[in-house]
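Please find below a colleague's notes on the model, set out as numbered points. They take the sheet, then the nonpolar cores, and end with a single residue.

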Amino acid sequence: MNIGVFGGAFNPVHNGHINLANQFISLLALDELIVVPTAIPPHRECTDFAPVKARFDMLNAAFAENEKVTVSDIEFKRNTKSYTYDTVLELKRSYPDSQFYLIVGQDQFLKFKEWYNYSSLLKEVVLCTAARERGSRDALYAFAHENLQSARVFIADFEPVIVSSSEIRDKIKKNIDISGLVPESVLDYINEKRLYRE
């Protein structure tokens, strides 16, 4: 089986995440994509974070109609920082003899050498990413060539949906409409729970 793992804060999940997921499901012929919201991100300050349950619920709402996507709470069950290496090893025990693809956004790809046990992680997965902004694809190739020469890396070439979670949170604080940036079900949830408002 081809198994994708797509982790992140998803604070909140937005249409850029949805596009990335759908594109890689198709490009990699994935049998399943496991979306893993981070409980305690090791590389981020935990400020302005929606509660764990809210981020989990928003992901389930966003991917409700995609039969190939499973939203996993695997990292919520730990009381420590969420290291992708540990998550991948745990998932591989549940999916023996499968090929694993780790899907990360552009920003995390360019910081990949800062990840916990990154060299060992690269032996377990094919590392996949795509440009988030037009014109940034060259930087991804350069980073891969200079830093990940022996690793299995796949840089996809598709038109990005340009949006970020921080942009969405900022718009919400300023009472600016975010329709079109997130799935309608996620927008309804954010409004119902009054998330990201000061």
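1. In which sense do strand 2 and strand 3 pair, and over how many bridges? In this predicted model, the two strands pair in the parallel sense, and 3 bridges join them. Within that pairing, Ile34 has Thr70 of strand 3 as its bridge partner.

2. The wider sheet is open and consists of 6 strands in the order 3-2-1-4-5-6, with parallel pairing. Strand 3 and strand 6 (153-156) stand at its edges, and each has a single partner strand, so one side of each is left without a neighbour in the sheet. From one strand to the next the twist averages 25°.

3. On its other pairing, strand 2 runs parallel to strand 1 (residues 2-8), to which 6 bridges join it. Phe6 has Val35 of strand 2 as its bridge partner, and Gly7 is likewise partnered by Val36 in strand 2. The connection between these strands passes from strand 1 through helix 1 to strand 2, as a β-α-β crossover that is right-handed.

4. Strand 2 is mostly covered, with 6 of its 6 residues buried. In a regular strand the side chains alternate between the two faces of the sheet. Here Glu32, Ile34 and Val36 point one way, while Leu33, Val35 and Pro37 point the other way, and all are buried; that Glu32 is included in this buried set deserves a look in the viewer.

5. The largest nonpolar core holds 39 residues, of which Phe24 and Leu33 touch the most other members. Several elements supply at least two residues each, including strand 2 (32-37), helix 2 (52-62), strand 4 (99-103), strand 5 (126-130) and helix 8 (184-193), but the largest share, 5 residues, comes from helix 1. Leaving out residues up to four places away in sequence, Leu33 touches Gly4, Val5, Phe6, Ala21, Ile25, Lys68, Val69, Thr70 and Ile103. A second, separate core of 26 residues has Leu91, Val104, Ala131 and Ala144 among its members.

6. Finally, is Thr87, which lies in helix 3 (residues 84-94), buried or exposed? Thr87 counts as buried because its relative accessibility is 2%. Its side chain is joined to that of Glu75 by a polar contact of 2.6 Å. Apart from neighbours within four places in sequence, Thr87 is in contact with Val36, Ile74, Glu75 and Arg78, and Val36 is one of the buried residues of strand 2 described above.

Technical notes: Residues are numbered from 1 along each chain as its sequence is written. This is a predicted model: local features need pLDDT of at least 70, side-chain atom pairs count only at pLDDT 80 or more; totals for chains, interfaces and linings use all residues. Side-chain values use heavy atoms; hydrogens and water are left out. Buried means under 20% relative accessible area, exposed over 50%, partly exposed in between (1.4 Å probe, protein chains only). A polar contact is a pair of N or O atoms within 3.5 Å; within protein, one must be able to donate a hydrogen and the other to accept it, and residues adjacent in sequence count only if both atoms are side-chain atoms. Contact means heavy atoms within 4.5 Å. A nonpolar core is a set of buried Ala, Val, Leu, Ile, Met, Phe, Trp, Tyr and Cys residues joined through side-chain atoms within 4.5 Å. Helices (H or I, at least four residues) and strands (E, at least two) are DSSP runs, numbered from the N terminus. Two strands pair if DSSP finds at least two bridges between them. Axes are lines fitted to C-alpha atoms, for helices over the stretch in contact, and angles run from 0 to 180 degrees between N-to-C directions. A crossover is right-handed if, with the strands pointing away from the viewer, the path from the first strand over the helix to the second runs clockwise.
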